[in-house]
Amino acid sequence: QVQLVESGGGSVQTGGSLRLSCAASGYTLSLNNGYMGWFRQAPGKEREGVAAVDSVFIIRYADSVKGRFTLSRDSEKNTLYLQMNSLKPEDTAMYYCAAARGFRYGSSALRGSEYTYWGQGTQVTVSS
């Protein structure tokens, strides 16, 4: 059974930083088999792909977070991270970790419809 548990959300002021973590159990990201990503959804808005690592371990970002967010992973801990710097009020959302098996390359890894497993989410609130 795959379980993804996010943590690290909270409330910060504009310009602040947070690091989200996603601990995976029952799932291991392997070269050419699997992909993982971070998504967010604000009230009244569609879910948005924020950052993802594809099946050849290339990391891609949404244009809205490039240069501010960094996705990384610790394979020993089976944990995915999202370091978020220079946060803006428009970054306020529920952030979700997602994973899937199989092969995806490129921007397809940022599409939520490509994912099978989802965490419960962690709230990020940025105040001005």
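**Notes on the core, the sheet and the disulfide**

1. Let's start with M36. Setting aside neighbours within four places in sequence, M36 is in contact with L4, C22, Y27, L29, A52, V53, L80, C97, A98, A99 and Y115. Bear in mind as you look around that this is a predicted model.

2. That residue is a good way into the interior. The largest nonpolar core has 29 residues, and M36 is one of the five that touch the most other members, along with W38, L82, M84 and Y95. Which strands feed this core? At least two residues each come from β3, β4, β5 (48-53), β7 (69-74), β8 (79-84), β9 (93-100) and β11 (122-127). There is also another core lying apart from that one, made of 8 residues, including F39, A109, L110 and Y115. You've met Y115 already, as a contact of M36.

3. Now for the sheet. Four strands make up an open sheet in the order β1-β3-β8-β7, and the pairing is antiparallel. At the edges sit β1 (3-7) and β7, each pairing on one side only. From one strand to the next, the twist averages 15°.

4. It's worth zooming in on β3 and β8 within that sheet. These two strands run antiparallel and are joined by 6 bridges. If you want a spot to check by eye, try L18, whose bridge partner in β8 is M84. M84 should ring a bell: it is among the residues with the most contacts to other members of the largest core.

5. How many disulfides turn up in the whole structure? The search finds 1. It is formed by C22 and C97, with their sulfur atoms 2.1 Å apart. The pair ties together distant parts of the chain, since C22 belongs to strand β3 and C97 to strand β9, 75 residues apart. The link is left-handed, with -75° about the S-S bond. Are the two cysteines buried or exposed? Both C22 and C97 are buried. Both also appear in the list of M36 contacts, which brings us back to where we began.

6. Last, a look at a loop. T28 lies between β3 (18-25) and β4 (35-41). Not counting residues up to four places away in sequence, T28 touches N33 and N78. Another residue to find from here is E76: T28 and E76 are 48 residues apart in sequence, yet their C-alpha atoms are 9.9 Å apart in space. While you're in this loop, you could pick out Y27 and L29 too, as both are in contact with M36.

Note on methods. Residues are numbered from 1 along each chain as its sequence is written. This is a predicted model: local features need pLDDT of at least 70, side-chain atom pairs count only at pLDDT 80 or more; totals for chains, interfaces and linings use all residues. Side-chain values use heavy atoms; hydrogens and water are left out. Contact means heavy atoms within 4.5 Å. A nonpolar core is a set of buried Ala, Val, Leu, Ile, Met, Phe, Trp, Tyr and Cys residues joined through side-chain atoms within 4.5 Å. Buried means under 20% relative accessible area, exposed over 50%, partly exposed in between (1.4 Å probe, protein chains only). Two strands pair if DSSP finds at least two bridges between them. Axes are lines fitted to C-alpha atoms, for helices over the stretch in contact, and angles run from 0 to 180 degrees between N-to-C directions. A disulfide is a pair of cysteine sulfur atoms within 2.5 Å.
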